[in-house]
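Me: Could we go through this model together? I'd like to hear what stands behind each label.

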Amino acid sequence: MRSIALQSLVHDRGKFIAALTGVAFAAALVLIQMGLYEGFRYNASGPIQRAGGDVWVMPRGVPVVERSELMSSAARALLASHPCVRRVRGLIYVFIDTRKADGSRDSLVLIGYEPGDRHFDPWTLYRGLPQDLHAPLRVAIDRQDVKKLQIVGDPIGARLEISGQIVRVAAVTEGMRSFTLTPFVFAEIRNARRLLHLADDRAQYWLADLADPRCVDDVVRHVRQHRDLDALPAAEFAEKTEHHWVIGSGAGGALAFSAILGLVVGVIIVGQSLYAVTRAHIKELATLKAIGATDFEIVSFVLWQALVLAVGGGSTGLLLAVLARAGVTPLGLTLILTSRVLLVGLGSVVLMCVLASVASVNAVLRLEAAEVFT
């Protein structure tokens with residue numbers, strides 16, 4: 001039955017190519033939309049994930065990482081007083097003005113970090129070394145933002161005007177983009193404080209590295225005793241930020257709608273193709289039933305065809321999604337094809353082909369052997 005099913009499917013090349021194309025584009029659309037969703041999530045919470053820390057301390061009422069306020073060293077001292085806290089690190093995350101080469105003004109996201117920690121030294125460097133940022137007023141930028149910042153030629157050593165002060169690019173990072181596409185600028189926290197005219201004991205977040213990760217809940221309760229402070233495990237704060245930007249902004253809903261629409265279109269195209277092939281061979285199937293073929297064997301005629309379309313179309317769709325990932329990166333978009341995306345996306349394609357085969361399966365189950373004589 002498998003051989004008969006495959007020969008019948010490829011016999012009419014027009015229908016076969018149309019069905020395969022429908023599955024491929026539906027698979028590509030689903031994988032691309034899911035990959036963009038993962039990319040949005042990563043961009044939204046990337047600073048939290050890459051900065052590390054077991055517990056983040058912030059002023060009470062901070063909804064997302066972009067909307068914090070400055071805190072004094074008193075909050076740091078409170079956090080450090082817990083016996084489970086091994087180290088406390090300051091972090092600055094603030095929007096700041098820059099003046100480009102053409103004289104226009106724009107915004108940057110300045111991230112100031114404390115150097116020397118194995119978790120955060122400082123993002124993924126494409127060019128340069130962490131120690132290159134030790135000198136005064138040295139910063140790092142992402143290589144995707146070089147053109148946006150109007151830097152011509154080699155970015156290493158280039159000058160930028162930030163908050164009225166001239167800084168030099170000492171390193172180039174890779175893979176760190178803001179959800180809002182505002183360029184990131186990374187600097188050691190003392191340089192960030194200098195750009196912002198802040199005292200040496202100021203930060204927007206205090207990050208705690210714990211001696212034992214099982215102390216997280218106890219450290220959170222310890223900080224929350226202070227009425228003006230809040231504390232969250234890093235994973236919870238990242239999830240909260242992702243939900244705000246991806247779900248709250250409507251971007252996640254739009255991507256989900258596009259993916260579902262692609263599946264619906266795929267079901268219609270594949271369903272019509274499979275049903276047309278089944279009807280074209282209805283007498284052959286009736287003959288097989290007349291000579292003793294079981295319902296399962298007859299149904300497998302359709303299921304083998306659906307499986308071929310799922311594997312062939314899914315593989316082609318995956319290739320298209322990989323090509324799309326390379327194509328959207330220069331546009332400032334991040335498309336992440338994780339194992340979970342591939343599993344869910346390709347699983348959806350298989351489900352799509354199964355649903356598309358329902359009409360054909362129903363047709364062969366109602367098939368009467370007498371139809372061979374009609």
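Reply: Sure, here come the aromatic pairs, the cores and two loop residues.

Me: Before that, what kind of model is this?

Reply: This is a predicted model, where local features need pLDDT of at least 70 and side-chain atom pairs count only at pLDDT 80 or more, while totals for chains, interfaces and linings use all residues. Residues are numbered from 1 along each chain as its sequence is written, and side-chain values use heavy atoms, with hydrogens and water left out.

Me: What makes two rings a pair, and how many pairs are there?

Reply: Rings of Phe, Tyr and Trp (its six-membered ring) pair if their centres lie within 6.5 Å; planes under 30 degrees apart are stacked, over 60 edge-to-face, and the rest tilted. That rule gives five aromatic pairs.

Me: Why is the pair of W56 and F237 called tilted?

Reply: The ring centres of W56 and F237 are 5.6 Å apart and the planes sit at 50 degrees, so the pair is tilted. W56 is in strand β1 (residues 55–59) and F237 in helix α6 (residues 234–247), 181 residues apart, so this pair links distant parts of the chain. Helices (H or I, at least four residues) and strands (E, at least two) are DSSP runs, numbered from the N terminus.

Me: How do you know whether W56 is buried or exposed?

Reply: Buried means under 20% relative accessible area, exposed over 50%, and partly exposed in between (1.4 Å probe, protein chains only). W56 has 0% relative accessibility, so W56 counts as buried. F237 is also at 0%, and therefore buried.

Me: What makes a nonpolar core, and which residues stand out in the largest one?

Reply: A nonpolar core is a set of buried Ala, Val, Leu, Ile, Met, Phe, Trp, Tyr and Cys residues joined through side-chain atoms within 4.5 Å. The largest has 40 residues, and V55, L79 and L210 touch the most other members. Strand β2 (residues 85–99) gives the largest share of this core, five residues. A second, separate core of 25 residues includes Y93, I111, L133 and F237.

Me: Why is L137 called buried or exposed?

Reply: L137 has 13% relative accessibility, so L137 counts as buried. L137 is in the loop between β4 (125–127) and β5 (138–142), and has a positive phi of about 55 degrees although it is not a glycine.

Me: And what about H197, buried or exposed?

Reply: H197 has a relative accessible area of 62%, so H197 is exposed. H197 lies in the loop between α4 (189–196) and β9 (205–210), and its phi, near 60 degrees, is positive in a residue other than glycine.
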